[in-house]
Amino acid sequence: MGMRDILFIVLSLQLVGLLQSQMIPKEIKKCRFGESQCIVDSMNVLIKKFPRGIPALGLKPIDVVDIRNSKFWNDEKVGAFWLQFDLFDQVNYGFENTTITKVNGFDENPTSSLIEIHGRIPSLIHKGNYLSQGRVWIVELNSTGESFSDFQNFRFVLKLKVIMEYRNNKRYLKIYKLTPFVNMDRWVFWLDNFFESNTDMSIAINHVFNQHWVEFWNELEPKNLKIFASVFRDIFEDVFEKVSYDDMFLPIAKESQVNV
């Protein structure tokens with residue numbers, strides 16, 4: 001074996017070690033398993049210092065978050081009232097202002113109970129485009145335009161069920177199920193050009209949406225929660241894929257053995 005071969009092996013082993021450990025920035029304090037307040041503090045430092053993500057750790061940018069296309073209504077085109085409504089090219093702004101308030105379940109064995117993450121966002125903005133078709137009595141709808149939502153004082157609780165995957169003698173988390181619970185002080189909602197040929201009617205229907213936002217939220221909550229679940233899941237999954245669960249925490253101190 002020549003010197004070049006030895007050098008190649010040494011460098012390869014070092015590189016593999018770095019990739020497996022996925023060096024966490026020194027600004028982020030590592031905690032012990034189950035140290036909830038320490039974990040909360042470290043999460044908040046991570047959010048505030050790295051809003052544009054850390055690619056090496058699989059952390060995507062959180063200042064601008066892409067959202068999958070979604071279909072809010074998909075009625076059959078029959079009768080006096082039906083509506084088909086799609087959102088596309090959607091993005092969220094505001095996750096960089098998230099404050100984590102409480103966590104549970106980040107124990108040595110996270111599969112034994114639910115992981116919970118509580119947080120709040122002063123203003124979560126949702127922008128994109130919409131396409132609608134429908135009929136309301138004798139009025140036909142066929143419009144497209146920009147959509148805007150502002151979820152004000154947005155509070156969330158995420159409940160995660162995880163399973164464990166073993167790679168390179170380390171444990172990696174896989175999300176089995178993520179369930180979001182959300183609350184807010186107000187939902188501001190606006191659709192440009194909803195009635196393509198009648199600006200006054202577009203403004204009037206938007207005012208109705210916003211005056212009765214609670215009723216609209218109650219009707220659309222299941223669909224909105226599905227969207228939020230996919231957004232939060234996308235944020236966490238890449239991190240869990242790249243960084244082992246053990247590397248996120250301080251190693252467990254082994255009890256010193258005393259020989260008598």
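**Overall fold and the surroundings of lysine 60**

The protein exposes about 15,600 Å², and carbon and sulfur atoms supply 56% of that area. These values come from a predicted model. Of the 260 residues in the protein, 41% are buried. The secondary structure consists of four helices and eight strands, arranged along the sequence in the pattern α-α-β-β-β-β-β-β-β-β-α-α. Put in words, two helices come before the run of eight strands, and two more helices follow the strands. Contacts across the sequence were also examined: among those between residues at least 6 apart, 68% join residues at least 24 apart.

Lysine 60 offers a handy example to follow by eye in the structure above. This residue sits in the loop that links α2 (36–49) to β1 (64–67). Its relative accessible area is 37%; lysine 60 is classed as partly exposed because this value falls between the 20% and 50% cut-offs.

Which residues does lysine 60 touch, once its neighbours within four places in sequence are left aside? The contacts are with Gly53, Asp234 and Asp238. For one of these partners, aspartate 234, the separation from lysine 60 is 174 residues in sequence, while the C-alpha to C-alpha distance is 8.7 Å. With another partner, aspartate 238, the contact is polar and runs from side chain to side chain, at 3.4 Å. Lysine 60 thus combines a loop position and partial exposure with a side-chain polar contact to aspartate 238.

Terms used: Residues are numbered from 1 along each chain as its sequence is written. This is a predicted model: local features need pLDDT of at least 70, side-chain atom pairs count only at pLDDT 80 or more; totals for chains, interfaces and linings use all residues. Side-chain values use heavy atoms; hydrogens and water are left out. Buried means under 20% relative accessible area, exposed over 50%, partly exposed in between (1.4 Å probe, protein chains only). Contact means heavy atoms within 4.5 Å. Accessible areas come from the Shrake-Rupley method with a 1.4 Å probe; for residues, only the protein chains shown count as cover. A polar contact is a pair of N or O atoms within 3.5 Å; within protein, one must be able to donate a hydrogen and the other to accept it, and residues adjacent in sequence count only if both atoms are side-chain atoms.
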